[in-house]
Amino acid sequence: MTLLRDSIFSLRSRHVRKACGVRARVCGSNFGTRVSGREDFASKDFRALLIVWWLFAASVSAYSQTSGPQILKVDPPSWWVNSSANPVRLMIRGRNLKGAKVQITGTGVRISGMPTVNERGTYVFVDVLIAPNAEPGKRELTISTQLGSTKASFEVLPQLNQQNRFQGFSPADVLYLIMIDRFSDGDRTNNDPPQSRGIYDRSNKFAYHGGDLQGVIDHLPYLKDLGVTAIWLTPWYDNYDHLNQIELKEEKPSTGFHGYNPQNFYTVEEHFGTFDKLRELVERAHRVGIKIIQDQVANHTGPYHPWVDDPPTPTWFNGTKARHLNNGFQTWVLHDPRPVDDLKRETMEGWFLDFLPDLNQSDPEVSRYLIQNTLWWIGTTGLDGIRMDTWQYVPNSFWRDWTSAVRKEFPNFTVVGEVKDGDVVHTSFFQGGKKRFDGIDSGLDSLLDFPLFYSIRDAFAKGSRIDEIPKTLAKDYLYNNSEILVTLLGGHDDGRFMSEKGATIAGLKLANAFVLTTRGVPQLYYGDEIAMTGPDEPTTRGDFPGGFAADPKNAFTREGRTAQQQEIFEFVRTLAHLHQQLEPLQRGKLINLHVSEQLYVYARKSTSGCVVVAFNNDIKPTAVAFKVSHLGLPDGSVLNDQLHLSTIVRVTNGTITLSLPARAVSVLVKQ
Ligand SMILES: [Ca+2]
Ligand SMILES: [Ca+2]
Ligand SMILES: [Ca+2]
């Protein structure tokens with residue numbers, strides 16, 4: 001009975017709070033003015049009547065449900081001891097939850113404060129405090145209303161040891177982006193799972209193809225041999241289980257094989273494997289010195305997320321399925337100190353492609369949910385970094401809270417944000433480390449270097465002027481820290497390098513040599529090391545040959561590669577290993593030595609020495625001379641070309657004179 005009375009009291013007090021909140025402005029204007037004593041008493045009587053009416057209405061509304069509570073989901077399902085996020089807020093989804101009270105049984109845990117329930121009685125928010133000495137194991141939640149009670153499970157986890165976990169990434173790493181569905185099918189039993197029958201079809205480029213986490217585990221030795229030290233995996237969240245009738249591709253329904261349309265932020269997509277398989281991948285990658293970077297989405301959900309029809313709070317999304325802004329991608333207004341407010345709102349709150357529900361991070365429950373979700377994936381798996389999707393469409397005020405929560409729990413962690421733009425002025429605005437004109441430091445470490453990506457494509461694929469590259473790099477001062485930017489020549493949202501008009505293997509080699517020797521954190525895209533083609537999305541997301549059982553050739557092995565594939569593979573492998581072996585390529589300062597229309601020579605200089613890199617992007621051979629005396633290379637120094645070991649140059653009169661064949665690169669290191 002005590003429980004019942006508490007429940008009624010808590011429910012009523014919540015409704016009273018809400019009533020006053022909603023009416024505050026009206027109350028203030030009507031009742032706040034000094035009037036005669038008689039009128040004042042009348043007003044008080046009216047106010048009392050109003051409160052009684054609200055209490056009555058609240059009770060009627062509370063008991064209009066006719067069945068006991070049902071629980072469908074608890075987010076997060078677990079948390080670990082000694083976390084900086086304590087208490088952890090549970091969002092319990094179910095039915096008939098109006099007036100719900102939550103208890104937790106078991107040692108070392110307790111409910112903190114009163115739960116709150118949304119208006120439809122479909123979500124309860126409640127805080128759980130975990131004692132530092134709480135024993136790991138399952139705990140039981142009891143959710144009760146006047147009409148009954150039900151149980152749900154919550155697990156206390158041990159805190160993962162920091163060693164070899166939560167490592168972050170740095171310019172010493174070589175990243176490799178894998179689209180899970182298209183890399184390797186290591187487990188054929190999950191290709192057409194019972195949960196989501198009928199969306200696996202390798203002959204359909206918009207369907208699932210069977211790639212999974214086991215396929216990545218199986219190829220860790222391949223990646224290690226290639227010289228990769230960190231893998232960025234496209235999102236592994238559970239995506240919708242059926243055809244997407246909203247997003248038509250070539251006039252046909254699509255699927256969420258790419259992972260960017262979550263229907264559940266706390267589960268691994270069943271086509272990719274299980275949570276245990278993910279943990280196994282992280283552990284086994286760490287054992288061979290490879291880090292794992294998770295691709296996260298915080299701007300939106302997939303179009304079929306259960307929240308779309310049943311939002312946990314009235315302001316969970318910006319707008320509703322029926323009534324919302326459409327994102328017009330007027331992104332320049334985001335760094336404009338004099339923005340047109342409506343345009344800014346459209347870009348920040350508009351639904352991506354008009355159908356991806358835009359999360360409202362200004363709702364404190366949304367913010368808390370997203371922050372905890374990020375911490376949960378890191379804290380339960382031990383992963384090392386995050387690539388955050390659609391960074392610029394989320395308010396900086398949220399990112400400030402999100403990055404500080406991540407850093408508080410995992411101090412070495414690194415985050416790279418996706419701001420897809422070719423303009424350094426725009427891109428650099430989003431990097432953290434200092435307050436911008438909006439008075440906020442987003443805390444973001446790194447950005448995908450798209451301005452440089454476009455220059456790389458122009459110079460090395462299309463054969464345009466190479467000096468566009470140093471011209472782009474000359475704007476580095478706009479970044480707070482350009483050394484940590486992630487450099488790339490290909491990714492999953494753009495056509496492949498080799499499908500650009502004019503692309504050649506020679507050009508692809510130059511592009512790889514540049515990415516792996518310039519400043520920043522080099523990122524490779526799966527399959528570029530064997531010159532895969534694909535002019536658009538999703539053909540740029542083709543299946544890696546040999547990753548799937550029926551494949552006639554296995555390009556993961558030397559025997560399975562064509563002569564041309566072997567040539568580029570060996571070249572990328574050599575550069576990736578040089579990047580690991582030559583410390584100046586990881587931490588050295590970038591110094592431009594010579595730039596002309598199709599020649600670019602630079603050094604990477606650190607306290608341990610220097611590496612000189614020279615490009616001829618012209619279709620005819622040439623010679624170039626450049627000063628090196630300021631690099632600590634005295635006359636008589638002899639340098640070897642690491643890519644053609646028979647090539648030796650000598651410093652004379654403080655100068656190196658170098659002959660370069662057509663479309664060639666030299667990486668020179670002092671003997
Ligand atoms: Ca599979
Ligand atoms: Ca699914
Ligand atoms: Ca948004």
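Which residues does Phe460 touch, not counting residues up to four places away in sequence? In this predicted model, Phe460 touches Ile466, Ile469, Phe497, Gly507, Leu510, Ala511, Phe514, Phe615, Asn617 and Arg663, when residues up to four places away in sequence are not counted. Phe460 is also, together with Tyr176, one of the residues with the most contacts inside the largest nonpolar core, which has 164 residues. Helix H7, which covers residues 364-381, gives the most to this core, with eight residues. A second, separate core has 20 residues, among them Val601, Ala603, Leu631 and Ile656.

Several of the residues touched by Phe460, including Gly507, Leu510, Ala511 and Phe514, are also listed among the buried residues of helix H12. Ten of the eleven residues of helix H12 (residues 505-515) are buried, so this helix is largely enclosed by the rest of the structure. The buried residues are Ile505, Gly507, Leu508, Lys509, Leu510, Ala511, Asn512, Ala513, Phe514 and Val515. Arg663, another residue that Phe460 touches, is placed in the loop between strand E27 (655-660) and strand E28 (664-670). With a relative accessible area of 16%, Arg663 is buried, and its phi is near 40 degrees, a positive value in a residue other than glycine.

Helix H7 also takes part in a helix pair, since H5 and H7 pack at an angle of about 65 degrees, with their axes 9 Å apart. On the side of H5 the contact is made by Phe275, Leu278, Arg279 and Val282, and on the side of H7 by Trp376, Trp377, Thr380 and Thr381. These residues divide into five nonpolar, two polar and one charged.

The model also contains calcium ions. For the calcium ion that is ligand 2, the protein donors are Asp238 (OD), Asn239 (O), Asp241 (OD), Glu269 (OE) and, given twice, Glu270 (OE), and they lie 2.2 to 2.6 Å from the ion. The six donor atoms subtend angles of 52 to 163 degrees, which makes the arrangement around this ion irregular. In sequence the donor residues are spaced D-N-x1-D-x27-E-E. Distant parts of the chain are linked by the pair Asp241 and Glu269, which are 28 residues apart: Asp241 is in the loop between strand E11 (237-239) and strand E12 (244-249), while Glu269 is in the loop between strand E14 (262-268) and helix H5 (275-287). Both Asp241 and Glu269 are buried. Glu270, a donor to this ion, is in turn in contact with Asn190, whose other contacts, leaving aside neighbours within four places in sequence, are Gly210, Asp212, His271, Phe272 and Gly273. Asn190 lies in the loop between strand E9 (175-178) and helix H3 (213-218), and at 8% relative accessibility Asn190 counts as buried.

For the calcium ion that is ligand 3, the protein donors are Asn299 (OD1), Met348 (O), Asp358 (OD), given twice, and Tyr393 (O), at 2.3 to 2.6 Å from the ion. Their spacing in sequence is N-x48-M-x9-D-x34-Y. Met348 lies in helix H6 (residues 341-349) and Tyr393 in the loop between strand E16 (385-388) and helix H8 (396-409), so this pair ties together parts that are 45 residues apart in sequence. Met348 counts as buried at 16% relative accessibility, and Tyr393 counts as buried at 8%. Val394, found in the loop between E16 and H8, touches Ala298, Asn299, Met348, Gln361 and Trp399, not counting residues up to four places away in sequence. Val394 is buried, with a relative accessible area of 3%.

Some details of the backbone complete the description. Most residues other than glycine have a negative phi, and most peptide bonds are trans. The peptide bond from Asp75 to Pro76, however, is cis, with omega near -10 degrees, and Pro76 lies in the loop between strand E1 (70-75) and strand E2 (78-80). A cis peptide bond is also found from Glu537 to Pro538, with omega near 15 degrees, where Pro538 lies in the loop between strand E20 (521-525) and helix H13 (563-581). Asn82, in the loop between E2 and strand E3 (88-95), has a phi near 60 degrees, a positive value in a residue other than glycine, and Asn82 is partly exposed, with a relative accessible area of 44%.

Methods. Residues are numbered from 1 along each chain as its sequence is written. Chains are lettered from A and ligands numbered from 1 in the order in which they are written. This is a predicted model: local features need pLDDT of at least 70, side-chain atom pairs count only at pLDDT 80 or more; totals for chains, interfaces and linings use all residues. Side-chain values use heavy atoms; hydrogens and water are left out. Donors are N, O and S atoms within 2.8 Å of the metal (3.2 Å for Na, K and Ca); water is not among the atoms, so sites may look incomplete. Four donors count as tetrahedral if all angles lie between 85 and 135 degrees; four count as square planar and six as octahedral if opposite donors are over 155 degrees apart and all others between 65 and 115; anything else is irregular. Helices (H or I, at least four residues) and strands (E, at least two) are DSSP runs, numbered from the N terminus. Buried means under 20% relative accessible area, exposed over 50%, partly exposed in between (1.4 Å probe, protein chains only). A nonpolar core is a set of buried Ala, Val, Leu, Ile, Met, Phe, Trp, Tyr and Cys residues joined through side-chain atoms within 4.5 Å. Contact means heavy atoms within 4.5 Å. Axes are lines fitted to C-alpha atoms, for helices over the stretch in contact, and angles run from 0 to 180 degrees between N-to-C directions. Ala, Val, Leu, Ile, Met, Phe, Trp, Tyr, Cys and Pro count as nonpolar, Asp, Glu, Lys and Arg as charged, and the others, Gly among them, as polar.
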